[in-house]
Amino acid sequence: MKLKIFYLVFSTLITGLLKAQNPITITPSDAMVEMATGYPTCASTNYGTYSLFLACDWSASGELWIKSFMKVDLSQIPSGATINQVKLYLYSDGTHANTSLNGSSYKSNACYLLRTTQDWAVNTITWNNQPLAPIVNAVTLSNSTTANQDYVVDITQLVKDMRRNQTQGNGLVL
């Protein structure tokens, strides 16, 4: 099983008109989608605001794939501000450990964080209607080196892309 489960904090650092740094913390809304062989109804199920932000795939009595999406509201960033740095803090929940460590038969849990380019809603997204998420400016999360690893991810370019193309969904997917 390849598994990443996190609590998330989205932190944006911007520069305003006077070039003074004004940190902003944005809490995104999130949703999970899944697809499993042998369970066709899960692909059309909306899991709403699932309590964990996770991504995984595994084979055990069939295949299971899970992606998590986060909707980002950039309206707190003033229109004239310059985005200098954006970091996404992903914290392990301490319960669901990475099982791909220490010589197990599981593969790497490295994955991508991508920007969505179509609008979507937390209460209606499913595997079947998930938005496009091209690999342009993707951020790679490396394989975990500890069972409950936290990540601090620089997503500056993804957020700049969202800001330039605000009609394209303003979301991220893991």
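This passage describes the fold of a predicted protein model and the surroundings of one residue, Thr116.

The model is predicted. Its average pLDDT is 75 over the protein chain. A score of at least 70 is reached by 72% of the residues. Residues 1-19 fall below 50 in pLDDT. Even so, this stretch makes 106 contacts in the model beyond near neighbours in sequence.

The protein chain holds 10 strands and 1 helix. From the N terminus, the order of elements is β-β-β-β-β-β-β-β-β-α-β. Nine strands thus precede the helix in this order, and one strand follows it. Of the 174 residues in the protein chain, 46% are buried. The accessible surface is about 8900 Å². Carbon and sulfur atoms account for 52% of that surface. Contacts between residues at least 6 apart in sequence were also examined in the protein chain. Of these, 75% join residues at least 24 apart.

Thr116 lies in strand β7, which spans residues 111-116. Its relative accessibility is 0%. Thr116 therefore counts as buried, the cut-off being under 20%. The side chain of Thr116 forms a polar contact with that of Trp120, at 3.3 Å. Leaving aside residues up to four places away in sequence, Thr116 touches Phe69. Thr116 also touches Pro131, Leu132 and Ala133. Further along the chain, the residues touched by Thr116 are Gln168, Gly169, Asn170, Gly171, Leu172 and Val173. The buried Thr116 thus combines a side-chain polar contact to Trp120 with contacts to residues including Phe69 and Val173.

Technical notes. Residues numbered from 1 in each chain as written. Predicted model: local features only at pLDDT ≥ 70, side-chain atom pairs only at ≥ 80, totals over all residues. Heavy atoms only, no water. Helix = DSSP H or I, 4+ residues; strand = E, 2+ residues; numbered from the N terminus. Buried < 20%, exposed > 50% of the residue type's maximum accessible area, 1.4 Å probe, protein only. Contact = heavy atoms within 4.5 Å. Areas by Shrake-Rupley, 256 points an atom, 1.4 Å probe, with all protein chains shown as cover. Polar contact = N/O pair within 3.5 Å; in protein donor to acceptor, adjacent residues only side chain to side chain. pLDDT = per-residue confidence, 0-100.
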